[in-house]
Amino acid sequence: MLLTPFPQQQFNQTEDRRSERPSRGVSCFDCHANGRTNGSTHQVGDIRPQEIRHRIDTPPIRGVNIQRLFGSQRALKSVEDFTEFEQRAAYFDGDPVIATKKGVNILERGSQVHFMAEFQEIMNFPPAPKLRVDGKIDPRKGNESEMRGQALFFGKANCVSCHQAPYYTDNLMHDLQTERFYKPRKINGLMASADGPIKTFPLRGIKDSPPYLHDGRLLTSLPFIFK
């Protein structure tokens, strides 16, 4: 099911598709490549004006077995809920009439959604051979730079207050109130404004999932302990 193309708002058989030729649609693994990410971003499909919509990075789905919230801001409580919601709403911007026109295929919860979730939950994080079972660096394996980074992460920087070992998430949402540091303004056609509560994504395996932050605004990550 995760490899099966389904009609989507922009990629389908109708004349108003995004592609030049008719398309069977997209599959989950087109974006979540090999369970990781292809690095693409998209805008939230909702009724807000285009410039107000938030941009969302495609996160990896490896490690969902330890997560308890799904969606950067939607706070869905199970991977089953997220799988069904994505196919029902995000694929067609929540428009049931257009979805029917373009060939929506609503997934059945018991025989399709559940099995897709079962598969996703066995996709573990990539190996981290320098980390102990508690998620911290084995001093016999870490180099000097990595050990300094770990000390900063757990110390002065206080990253650990939200990104807790061993998976470096607290499975909560936090409103960081970043609007304290700027006035709302338009940047590249999008309005920079308050984000509200944001999910604490796990940091395990982040070297395989650029770009970074929930909207993909950063292209690189500091190369320290999560290799």
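How exposed is Asp 16, as a relative accessible area? Asp 16 is partly exposed, at 44%. The views below come from a predicted model.

**View 1. Lys 102 and Asp 16 form a salt bridge.** The side chains meet at 3.4 Å, N to O. This pair links distant parts of the chain. Lys 102 sits in helix H3, residues 96-102. Asp 16 sits in the segment before helix H1 (28-31). In sequence, the two residues are 86 residues apart. The partners differ in burial: Lys 102 has a relative accessible area of 7% and is buried, whereas Asp 16 is partly exposed. The 7% of Lys 102 falls under 20%, so Lys 102 counts as buried.

**View 2. Arg 36 pairs with Asp 208.** Their side chains make a salt bridge of 3.3 Å, N to O. Arg 36 lies in the loop between H1 and strand S1 (41-43), and Asp 208 lies in the segment after strand S6 (198-199), so the bridge ties together parts that are 172 residues apart in sequence. Arg 36 is partly exposed, with 23% relative accessibility. Asp 208 is partly exposed too, at 26%. Neither value is under 20%, so neither residue counts as buried.

**View 3. Arg 109 meets Glu 84.** The salt bridge between these side chains spans 2.7 Å, N to O. Arg 109 belongs to helix H4 (residues 109-120) and Glu 84 to helix H2 (residues 79-88), so the contact ties together parts 25 residues apart in sequence. Glu 84 is buried, at 16% relative accessibility. Arg 109, at 35%, is partly exposed.

**View 4. Arg 109 and Glu 84 belong to a network.** Asp 81 joins them. Salt bridges link the three residues. Within this network, Glu 84 counts as buried and Arg 109 as partly exposed. For the model as a whole, the count comes to 8 salt bridges. The pairs in the views above are among them.

**View 5. Residues 223-227 have low confidence.** Here pLDDT stays under 50. The model has 17 contacts for this stretch beyond four places in sequence. What is the average pLDDT of the protein chain? The average is 86. A score of at least 70 is reached by 95% of the residues.

Methods: Residues numbered from 1 in each chain as written. Predicted model: local features only at pLDDT ≥ 70, side-chain atom pairs only at ≥ 80, totals over all residues. Heavy atoms only, no water. Salt bridge = Lys/Arg side-chain N within 4 Å of Asp/Glu carboxyl O. Helix = DSSP H or I, 4+ residues; strand = E, 2+ residues; numbered from the N terminus. Buried < 20%, exposed > 50% of the residue type's maximum accessible area, 1.4 Å probe, protein only. pLDDT = per-residue confidence, 0-100. Contact = heavy atoms within 4.5 Å.
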